[in-house]
Amino acid sequence: YKRAKYIGRVFQDPMMGTAPNMQIEENLALAYRRGKKRSLKWGVTNAEREIYREKLATLGLGLEDRLTAKGGLLSGGQRQALTLLMASLQTPKLLLLDEHTAALDPGTAKKVLELSDKIISDNKLTALMITHNMTDAIRHGNRLIMMDRGKIVLDISGEEKSRLTKADLLERFAEKAGVQEETDSVLLS
């Protein structure tokens with residue numbers, strides 16, 4: 001609980017980041033107050049409601065007009081986008097994205113990744129994105145670290161990362177990890 005104000009996180013499961021029986025604005029209020037002193041006053045003020053509307057509008061999902069809708073009524077992609085917003089509402093020192101697009105369809109995953117990039121860039125956040133999607137690992141972020149059995153086997157950044165292809169990445173991983181490139185464990189991970 002002492003680290004809560006420094007770390008924002010988005011889980012793999014879109015259902016874990018929000019309280020389904022609470023309204024969108026109530027979920028945002030919880031995130032907005034993360035790391036702050038609690039008191040007995042109105043749950044959501046009009047000033048906060050306006051902040052939430054503005055922030056939700058940046059998602060481009062129409063949620064700014066549904067502040068009183070229950071979180072459980074949102075689609076998985078909407079919930080994941082809301083969770084991403086909640087995780088960054090108090091500008092954390094570190095944003096953890098734990099396979100945050102794995103449970104989403106490709107179109108929604110693309111939208112959530114675009115939102116992630118925008119939020120990270122706009123707020124100048126340090127983020128750690130865990131993914132098994134090699135294309136996403138190459139496209140997003142400024143540093144790529146690959147692990148095998150808990151050990152770092154590749155650490156690529158800068159110009160080298162920008163020239164990287166999926167085939168190159170798989171080949172280099174196979175070489176460093178000491179496995180054959182064609183094995184299912186490499187191709188499916």
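Which residues is L30 in contact with, leaving aside its neighbours within four places in sequence? I started my notes there, keeping in mind that this is a predicted model.

**Entry 1: L30**

I looked up the contacts of L30 and found M22 and R38, once the neighbours within four places in sequence were set aside. I placed L30 in helix α1, which runs over residues 24–32. I then checked its exposure: the relative accessible area is 43%. L30 therefore counts as partly exposed, because that class lies between the 20% limit for buried and the 50% limit for exposed. I also took one distance from L30 to a residue far along the chain. M86 is 56 residues away in sequence, and the C-alpha atoms of L30 and M86 are separated by 8.4 Å.

**Entry 2: the cores**

I next asked which members of the largest nonpolar core touch the most other members. They are I24, L28 and L56, in a core of 26 residues. I noted the elements that each supply at least two residues of this core: α1, α2 (46–57), α3 (76–88), β2 (94–98) and α4 (106–123). Helix α3 gives the most, with 6 residues.

I went through the contacts of L56 separately, not counting residues up to four places away in sequence. L56 touches I24 and L28, and the list goes on with L63, E64, L67, L82 and L85.

I also recorded a second, separate core, which has 13 residues. M134, L144, L164 and L170 are among them.

**Entry 3: the whole chain**

I counted 8 helices and 5 strands in the secondary structure of the chain. Read along the sequence, I have the order as β-α-α-α-β-α-β-α-β-β-α-α-α. For overall dimensions I wrote down about 60 × 30 × 25 Å, which is the span of the C-alpha trace along its principal axes.

How much of the chain counts as buried? I have 38% of the 189 residues. For contacts, I took those between residues at least 6 apart in sequence, and 59% of them join residues at least 24 apart.

**Entry 4: surface and charge**

I put the accessible surface of the chain at about 11,500 Å². Carbon and sulfur atoms account for 51% of that surface. I then tallied the charged side chains and found 30 positive and 25 negative. The centres of the two sets lie 11 Å apart.

Terms used. Residues numbered from 1 in each chain as written. Predicted model: local features only at pLDDT ≥ 70, side-chain atom pairs only at ≥ 80, totals over all residues. Heavy atoms only, no water. Helix = DSSP H or I, 4+ residues; strand = E, 2+ residues; numbered from the N terminus. Buried < 20%, exposed > 50% of the residue type's maximum accessible area, 1.4 Å probe, protein only. Contact = heavy atoms within 4.5 Å. Core = buried A, V, L, I, M, F, W, Y, C linked by side-chain atoms within 4.5 Å. Areas by Shrake-Rupley, 256 points an atom, 1.4 Å probe, with all protein chains shown as cover. Lys, Arg positive; Asp, Glu negative; His and termini not counted. Charge placed at Lys NZ, Arg CZ, Asp CG, Glu CD.
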